[in-house]
Amino acid sequence: MNRSVSRAALTLAVALLAGACASGSASTGTAASPATAGGNGSGTMAANASSSALPAGVTPTMVALGDSLFNNGGCQRCHGKMGAGAVNAPGFKGIKWQHGSGSYTDIVKTITEGVPLTAIKDPTRKFAMRARGGPMALSDDQIKAVAGYVYTISR
């Protein structure tokens, strides 16, 4: 994992710990904004990720971590900052999903398994999507966080 992702994860952990200590609870149910948690600086994704709009088991904290991993890691190189799309891969806003239904479970599966070049449906896309973020080698929990972020920005 590269230094900026590690630093962002550490910053997020410190921000969450400070928030938990200040509230007297180990789990507050709220997330630090990406701007303060080392995310993409927009500060809106975690703040707008209400628990009711998220799939079961996905928390605003996970979405904030997914934001940081996505926008500071390899995902944004192909899918663009905040999943806006780029030359090598589509964006996530208002799309017809090419691999799966767009459900949280299908997004987790796609990130985990990747998409081989032979399965890429758009012939203008010249690169496969590597499993687990390729060199990022995302853990299962990180994959779930990125999937939560992608799910959120695609709605």
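Student: How many helices and strands does the chain have?
Tutor: Six helices and zero strands. Both are DSSP runs numbered from the N terminus: H or I over at least four residues makes a helix, E over at least two makes a strand. Reading from the N terminus, the elements go α-α-α-α-α-α. Bear in mind that this is a predicted model, where local features need pLDDT of at least 70, side-chain atom pairs count only at pLDDT 80 or more, and totals for chains, interfaces and linings use all residues. Residues are numbered from 1 along each chain as its sequence is written, and side-chain values use heavy atoms, leaving out hydrogens and water.

Student: What share of the chain's residues count as buried?
Tutor: 36% of the 155 residues. The scale is relative accessible area with a 1.4 Å probe and protein chains only: buried is under 20%, exposed is over 50%, partly exposed is in between. As for absolute surface, the chain exposes about 8200 Å², with 59% of it supplied by carbon and sulfur atoms; that area is a Shrake-Rupley value.

Student: What part of the contacts comes from residues 24 or more positions apart?
Tutor: Taking contacts in the chain with a separation of 6 or more, they account for 56%. A contact is heavy atoms within 4.5 Å.

Student: Why are helix 3 and helix 6 called roughly perpendicular?
Tutor: Look at the axes, which are lines fitted to C-alpha atoms over the stretch in contact, with angles from 0 to 180 degrees between N-to-C directions. For helix 3 (residues 60-72) and helix 6 (residues 140-153) they come within 7 Å and cross at roughly 90°. The cut-offs are under 35 degrees for roughly parallel, over 145 for roughly antiparallel, 65 to 115 for roughly perpendicular, and oblique for the rest. So the pair is roughly perpendicular. On the helix 3 side, the contact includes Met62, Val63, Gly66 and Phe70, while helix 6 brings in, among others, Gln142, Ala145, Tyr149 and Val150.

Student: How do the residues of that contact divide into nonpolar, polar and charged?
Tutor: Nine nonpolar, five polar and two charged. In this scheme Ala, Val, Leu, Ile, Met, Phe, Trp, Tyr, Cys and Pro are nonpolar, Asp, Glu, Lys and Arg are charged, and the others, Gly among them, are polar.

Student: What makes Gly66 count as buried?
Tutor: Its relative accessible area is 0%, so it is buried. Gly66 sits in helix 3, and apart from neighbours within four places in sequence it touches Ala145, Val146 and Tyr149. Its C-alpha is also 7.9 Å from that of Val150, 84 residues apart along the chain.

Student: And how do you know whether Val63 is buried or exposed?
Tutor: Same recipe: a value of 0% makes Val63 buried. Val63 belongs to helix 3, and its C-alpha is separated by 7.7 Å from that of Thr152, 89 residues apart along the chain.

Student: Why does Gln142 get called buried?
Tutor: Its 14% puts Gln142 in the buried class. Gln142 is part of helix 6, and a polar atom of its side chain lies 2.9 Å from the backbone nitrogen of Ser139.

Student: Why does Val108 count as buried?
Tutor: Relative accessibility is 18%, hence buried. Val108 is in helix 5, and beyond neighbours within four places in sequence it contacts Ile143, Lys144 and Ala147.

Student: What makes Ser103 partly exposed?
Tutor: At 25%, Ser103 falls in the in-between class. Ser103 is in the loop between helix 4 (75-79) and helix 5, where its contacts, leaving aside neighbours within four places in sequence, are Tyr151 and Arg155.

Student: What is the phi of Arg132?
Tutor: Positive, about 55°, although Arg132 is not a glycine. Most residues other than glycine have a negative phi. Arg132 lies in the loop between helix 5 (104-113) and helix 6, and its 28% makes it partly exposed.

Student: How do you know whether Ala137 is buried or exposed?
Tutor: Its relative accessible area is 53%, so Ala137 is exposed. Ala137 also lies in the loop between helix 5 and helix 6, and although not a glycine it has a positive phi of about 45°.

Technical notes: Polar contact = N/O pair within 3.5 Å; in protein donor to acceptor, adjacent residues only side chain to side chain. Areas by Shrake-Rupley, 256 points an atom, 1.4 Å probe, with all protein chains shown as cover.
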